[in-house]
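Here is a friendly walk through the model shown below. Keep the viewer open and follow along as the parts are named.

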Amino acid sequence: MTITTLLFASYADALGVESVQLQLPEGATARDAVEQLRAFPGGDRLPPLPLLAINLEYVRADAPLAAGDELAVIPPVAGG
Amino acid sequence: MRSAIVSRPLDPAALLAEVSGSANGAAILFVGTVRNVNEGREVSGIEYSGYTAMAERELEAIVAEAVERFGTSNIAVEHRLGRLALLEASVAIAVAHPHRAAAYDASRYVIEELKRRLPIWKREEYVDGTREWVGAARGQRAESRKQ
């Protein structure tokens, strides 16, 4: 299945892109997607367990992914 | 109640006027502004960026929680994105309530939850010409952020 990952702020700087399409096996979790991203050039600057959101909602790392999902990898937030 | 993520200068006085009403004996206006020093470094400005669709949704949820907990729907919140100079407002929270204690509590709830949950980032620009994402060096585990 194909999912879209979104990267922001320091994580977008680390990988040099703001969005990456990933191919993952059925049953893959958010954590599996992060592992793939960490194998990209610069991906070692992502923590193993970053904040994650699927389709605009915070999720845990073991949340299952479905085809077409939008997975956001969220750096430490700093609003306000 | 109303919340928004915007890319224009904030007008805190307008937010206060929006929530005020004759049934409310208390109105609180919180304004967060760009400070000139952070962790000992002289700041010249801040660039705010966000995952706007999620930030809008999360902010709306926080305001709805405050309405439920503190018993007033007279809450208006705006958070600004983009490059802000010193003293410019990044966030404004207006709360009105018949009684002051609940107004203070609701205002405090919204700012604390917003800082903890909104997917917004800031890159500080320093007087020496360097710039840095705030909090990027800090380890942050998903578990500690979950509610």
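## The nonpolar core

In this predicted model, the largest nonpolar core holds 58 residues, and the members that touch the most others are Leu52(A), Val73(A), Ile75(B), Val95(B) and Val110(B). The element that gives the most to this core is helix H2 of chain B, residues 52-70, with seven residues.

Val95(B) is a good residue to click on. Leaving aside residues up to four places away in sequence, Val95(B) touches Val19(B), Ile28(B), Thr72(B), Asn74(B), Ile75(B), Ala103(B), Ala106(B) and Ser107(B). Ile75(B) is thus on two lists: it is a contact of Val95(B), and it is named among the core members with the most touches.

## Chain B as a whole

Chain B is built from four helices and nine strands. Read from the N terminus, its elements follow the order β-α-β-β-β-α-β-β-β-α-β-β-α. The radius of gyration of chain B is 16 Å, close to the 15 Å that the globule rule gives for 147 residues, so chain B is as compact as a globular protein of that length.

Along the principal axes, the C-alpha trace of chain B spans about 50 × 35 × 25 Å. Buried residues account for 35% of the 147 residues in the chain. If you are interested in contact maps, take the contacts in chain B with a separation of 6 or more: 75% of them come from residues 24 or more positions apart.

## The four-stranded sheet of chain B

Which order do the strands of the four-stranded open sheet in chain B have? The order is S1-S5-S7-S2, and the pairing is mixed. Its edge strands, each pairing on one side only, are strand S1 (2-6) and strand S2 (26-33) of chain B. From one strand to the next the twist averages 5 degrees.

S1(B) runs parallel to strand S5 of chain B, residues 75-80, and five bridges join the two. Within this pair, Ser3(B) stands opposite Val77(B). Helix H1 of chain B, residues 12-19, packs on the sheet and touches S2, S5 and S7 of chain B, with its direction at about 20 degrees to that of S7(B). H2(B) also packs on the sheet, where it touches S1, S5 and S7 of chain B, and its direction makes about 155 degrees with that of S1(B).

## Antiparallel pairs in chain B

Strand S8 of chain B takes part in two antiparallel pairings. With strand S4 of chain B (residues 41-50), S8(B) pairs over seven bridges in the antiparallel sense, and here Gly45(B) stands opposite Glu125(B). With strand S9 of chain B (residues 131-133), S8(B) pairs over three bridges, again in the antiparallel sense, and Glu124(B) stands opposite Glu132(B).

S8(B) and S9(B) form a hairpin that has four residues between the strands. For anyone checking backbone torsions, Gly129(B) in the turn has a positive phi of about 95 degrees.

## The sheet of chain A

Chain A has an open sheet of five strands in the order S2-S1-S5-S3-S4, with mixed pairing. Strand S2 (19-23) and strand S4 (57-59) of chain A are its edges, each pairing on one side only. The twist here averages 35 degrees from one strand to the next.

Strand S1 of chain A (residues 2-7) and S2(A) run antiparallel, joined by five bridges; the partner of Thr4(A) in S2(A) is Gln21(A). Helix H2 of chain A, residues 30-38, lies across S1, S2, S3, S4 and S5 of chain A and runs at about 65 degrees to S5(A).

## Where the chains touch

How many residues of chain B are in contact with chain A? There are 28, and they are in contact with 22 residues of chain A. On the chain B side, H2, strand S7 (89-97), helix H3 (100-117), strand S8 (120-126) and helix H4 (142-145) each supply at least two residues. By class, that side has 14 nonpolar, seven polar and seven charged residues.

## A closer look at Glu56(B)

Glu56(B) sits in helix H2 of chain B. Is Glu56(B) buried or partly exposed? It counts as partly exposed, because it has 17 C-beta neighbours inside 10 Å, and a buried residue needs 20 or more. Glu56(B) and Pro98(B) are 42 residues apart in sequence, and their C-alpha atoms are 27 Å apart in space.

Note on methods:
Residues numbered from 1 in each chain as written. Chains lettered and ligands numbered in written order. Predicted model: local features only at pLDDT ≥ 70, side-chain atom pairs only at ≥ 80, totals over all residues. Rg over C-alpha atoms; globule rule 2.2 N^0.38 Å. Buried ≥ 20, exposed ≤ 12 C-beta atoms within 10 Å, placed from the backbone. Contact = placed C-beta atoms within 7 Å. Core = buried A, V, L, I, M, F, W, Y, C linked by C-beta atoms within 7 Å. Pairing = 2+ DSSP bridges. Axes fitted to C-alpha atoms, helices over the stretch in contact; angles between N-to-C directions. Nonpolar A, V, L, I, M, F, W, Y, C, P; charged D, E, K, R; others polar.
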